[in-house]
Amino acid sequence: MLKIWGRANSSNVQKALWAAEEVGVRYDRIDLGGPFGGLDKPDYVARNPNKRIPTIDDDGYILWESNAIVRYFGHKYGNDQLWPRDPKVRGLAEQWMDWQQTTLFSDFVVLIVQLLRTPPDKRDQTAIENARQKAEASWAMFDQHLKANAFAAGKAFTLGDVPLGVFAWRRYELPIQRANLPNVDAWYKRLQARPGYKKIVMTPLS
Ligand SMILES: N[C@@H](CCC(=O)N[C@@H](CS)C(=O)NCC(=O)O)C(=O)O
């Protein structure tokens, strides 16, 4: 059976798990990282020399990098709707996936580390506020896109919504001031109706 290594509360692991749920592939998840450690163990490093989670083993095929895993599940197990064949629809899904990794992620790392893993008296309020403002400006940009699109790639949910959806949960759950973004709110509500999102993403942050 497909194996996925990584603690269940990691944002990047959640992308792989949620995508697996969406395409309906069964998997075994093995706890690793955070309090479980194991990233430096030789057998793990042999699979993932980058020493991060998630990593998958699909019948002997090893892959790491969360968004690459989401794409692989789309190609291998997704139907045309979840991983659209139309290059223009797929292009949009890929655009928002890459934007999550290259633009949104760095601000969320600051918010997660500061607000969830740093004692209140040790928090860097300037860094938190800068990251919050930048993240909210990014979400405002996505809100504009959602004015004319129900989902990242257009009318239908695709795996292109997965990386952003994982961080939307964090946007609403972290104790931060949020801008009024009605289209993001409506998209987020649509994600919350998906069983895979409920099961994998809507879980306590840490
Ligand atoms: N670009 C990588 C980043 C992977 C990453 O940084 N994962 C974090 C968890 S979200 C990790 O391995 N942290 C070490 C740990 O949890 O111990 C990806 O998207 O897969």
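In the predicted model, an oxygen atom of the ligand lies 2.7 Å from a backbone N or O atom of Gly34. Side chains supply further polar contacts: an N or O atom in the side chain of Arg7 is placed 2.8 Å from an oxygen atom of the ligand, and an N or O atom in the side chain of Gln101 is found 3.0 Å from a ligand oxygen atom. The ligand taken alone exposes 510 Å², of which the protein buries 78%. In total, 13 residues surround the ligand. Arg7 and Gly34 are among the closest of these, together with Ile53, Glu65 and Ser66.

Ile53 also appears in the description of the largest pocket, where this residue is one of those nearest the centre, alongside Ser10, Ser11, Asn12 and Phe105. The largest pocket holds about 550 Å³ of space, and its lining comprises 28 residues. Two or more lining residues are contributed by each of the helices α1 (11-23), α4 (87-117) and α6 (162-173). Of the elements, α4 gives the most to this lining, with 8 residues.

Both domains take part in the lining of the largest pocket: at least three residues are drawn from domain 1 (2-77), and at least three from domain 2 (87-201). In terms of residue class, the lining consists of 12 nonpolar, 11 polar and 5 charged residues.

Technical notes
Residues numbered from 1 in each chain as written. Predicted model: local features only at pLDDT ≥ 70, side-chain atom pairs only at ≥ 80, totals over all residues. Heavy atoms only, no water. 1 Å grid on protein atoms, 1.4 Å probe; cavity = no way out; pocket = protein on both sides within 12 Å on 5 of 7 lines; lining within 4 Å. Points joined across faces, edges and corners; volume = space filled by probe spheres on them. Helix = DSSP H or I, 4+ residues; strand = E, 2+ residues; numbered from the N terminus. Nonpolar A, V, L, I, M, F, W, Y, C, P; charged D, E, K, R; others polar. Domains from an automatic or database assignment. Near = heavy atom within 4 Å. Polar contact = N/O pair within 3.5 Å; in protein donor to acceptor, adjacent residues only side chain to side chain. Areas by Shrake-Rupley, 256 points an atom, 1.4 Å probe, with all protein chains shown as cover.
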